[in-house]
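Please open the model in your viewer and keep the selection panel to hand, since this tour moves from one selection to the next.

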Amino acid sequence: MTENSYDYLIVGAGIVGLTVAHELKTRFPSAKIGVMDKEANSGLHASGRNSGVLHSGIYYSSDTLKAKVCAVGAKRMTAFAQEHGIPCSKSGKVIIATSEKDLPTVERLLRNADDNGIRAWRIDEKELHEIEPYAVPGLAAIYSPDTAVIDSRAVINRLTALLEQQGVQFLWRHGFRELRRSGEVVTDQGKLSFGYLFNCAGAYADVVAKSFGLAGDYALVPFKGIYWKLRPEAEHLVRANIYPVPDIELPFLGVHLTRVISGDVYVGPTAIPALGRENYGLIQGIRPREAIDVGYRLARMYLGNRYNFRRMAHLELAKYMKHNFVLAAQRLLPSITSEDMIPTPKAGIRPQLVNLREGKLEMDYIFQHTDHSTHVLNAISPAFTSSFAFAEMIVNSSNVV
Ligand SMILES: Cc1cc2nc3c(=O)[nH]c(=O)nc-3n(C[C@H](O)[C@H](O)[C@H](O)COP(=O)(O)OP(=O)(O)OC[C@H]3O[C@@H](n4cnc5c(N)ncnc54)[C@H](O)[C@@H]3O)c2cc1C
């Protein structure tokens, strides 16, 4: 085997690529494994920019891939954190219904919990007050005791170091350009050959897959998640995690309040349609050609108005204005004021897979394969929570023997 050839080559050093490398190293200790990334370090995109919540799995009906890997993935992530001294706390979460239309979803979430064997139950106003004294009483509420918060950055750093120790080679600044021929890719720094390739390129997974003749019916569309933070004097208003009841037709959970592992309290994230797959600032990360393509997709979704997309886009874009963000937070925490919320640079992009043929947002994980490659096309939330179990599922689904 030459220097530039690998038994297994992984594109993307986010949590999905890292856990796939970990899974492969566990199964095939002597295999030569390479992880290539266009950046100079791991976890610089979604995996290092998320809310750091380990979800319980209550949102997903039992027939989904998400349900199959979320709770078990959270357990494995917690075990990894314990083994490696990574801060992680099972702080629990309340989900509060603030309008009549949320009530059927409350029932559905409790059914999901039942079906998926997850601990969660309805709580009354008094119990809610004991758990989160400043939260709105709402019309109904659920308590999920197993929701946890974790230091995502520490997970990424530890896993990267561990894989390096185990002999996995990281190829930094190796952006994927194209598949040259079977078993050979062109990168920003020359050619690499592989026996089997795993495409875990997050927001660019569709672009990589298209080079393999796959993902013809799909495109990833970016949604921007921005956050505000509570000033230290207001942090006591939130003990752990306060979430709204989500619109289960959409893959986003709504603006929530999370006391992260450092003790800071974040409010967010939004799901604002963005003009670039790495458009973290107002204009930062917008590339003209990509913006035209993404703008076209968003315009079609807006005009088609499936899932009430137009209303969602208006509501989300309005959150660029602090006033509207404060109103969203006040639905859960009435006593919060505009002065309590301070700006933070924390922002992430959720790349959402759109099925172009059916004109719908894909809600579950999707894999596609060739004989020598597997492509992870929709690694949306809770892919961080799920990652260790998700990686096992990805490798099981592949043509790796
Ligand atoms: C704001 C926000 C909040 C979230 N909150 C949570 C949460 O609380 N809990 C949870 O479980 N999940 C959460 N998620 C979702 C979770 O973070 C993602 O599902 C997960 O991180 C996806 O991991 P990934 O490895 O697929 O993608 P990424 O972390 O984006 O990694 C993809 C990697 O591929 C690389 N890459 C891309 N293109 C190329 C190329 N052409 N060549 C080489 N490399 C390339 C990138 O540089 C990157 O390193 C959140 C996401 C966001 C954005």
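At what angle do H1 and helix H5 (residues 152-165) pack, and how far apart are their axes? In this predicted model, H1 and H5 pack at an angle of about 35 degrees, with their axes 10 Å apart, and H1 passes H5 in a left-handed crossing. To see where they touch, select Ile15, Leu18, Ala21, His22 and Lys25 on the H1 side, together with Ile156, Leu159, Thr160 and Leu163 on the H5 side. Coloured by class, the residues of this contact divide into six nonpolar, two polar and one charged.

Next, display the ligand and the shell of 41 residues around it, in which Gly12, Gly14, Gly202, Gly225 and Gly348 come nearest. Helix H1 (15-27) appears again here, for H1, strand E18 (341-355) and helix H10 (383-397) each supply at least two residues of the shell. By class, this shell around the ligand has 21 nonpolar, 15 polar and five charged residues.

From the shell, follow H10 to its packing with helix H2 (residues 65-84), where the angle is about 115 degrees and the axes lie 5 Å apart. H2 passes H10 in a right-handed crossing. For the H2 side of the contact, select Leu65, Val69, Cys70, Val72, Gly73, Ala74, Arg76, Met77 and Phe80, which meet Thr385, Ser386, Ser387, Phe388, Ala389, Phe390 and Met393 in H10. The contact of H2 with H10 has eleven nonpolar, four polar and one charged residues.

Now turn to the largest nonpolar core, which has 121 residues and in which Val20 and Ile150 have the most contacts. Strand E13 (residues 218-230) contributes nine residues, the largest share of this core. Centre the view on Val20 and, leaving aside its neighbours within four places in sequence, look for its contacts with Ile10, Phe198, Cys200, Ala391, Ile394 and Val395.

The last stop is Arg122, which lies in strand E6 (residues 121-123). Is Arg122 buried or partly exposed? Arg122 counts as partly exposed because 13 other C-beta atoms lie within 10 Å, whereas a buried residue would need 20 or more and an exposed one would have 12 or fewer. Beyond its neighbours within four places in sequence, Arg122 is in contact with Leu110, Ala140 and Ile142. To finish, set a distance label between the C-alpha atoms of Arg122 and Val106, which are 16 residues apart along the chain and separated by 8.6 Å.

Notes. Residues are numbered from 1 along each chain as its sequence is written. This is a predicted model: local features need pLDDT of at least 70, side-chain atom pairs count only at pLDDT 80 or more; totals for chains, interfaces and linings use all residues. Helices (H or I, at least four residues) and strands (E, at least two) are DSSP runs, numbered from the N terminus. Two residues are in contact if their C-beta atoms, placed from the backbone, lie within 7 Å. A nonpolar core is a set of buried Ala, Val, Leu, Ile, Met, Phe, Trp, Tyr and Cys residues joined through C-beta atoms within 7 Å. A residue is near a molecule or strand if its C-beta atom, placed from the backbone, lies within 6 Å of it. Ala, Val, Leu, Ile, Met, Phe, Trp, Tyr, Cys and Pro count as nonpolar, Asp, Glu, Lys and Arg as charged, and the others, Gly among them, as polar. Axes are lines fitted to C-alpha atoms, for helices over the stretch in contact, and angles run from 0 to 180 degrees between N-to-C directions. A crossing is left-handed if the near helix is turned anticlockwise from the far one by less than a right angle, and right-handed if clockwise.
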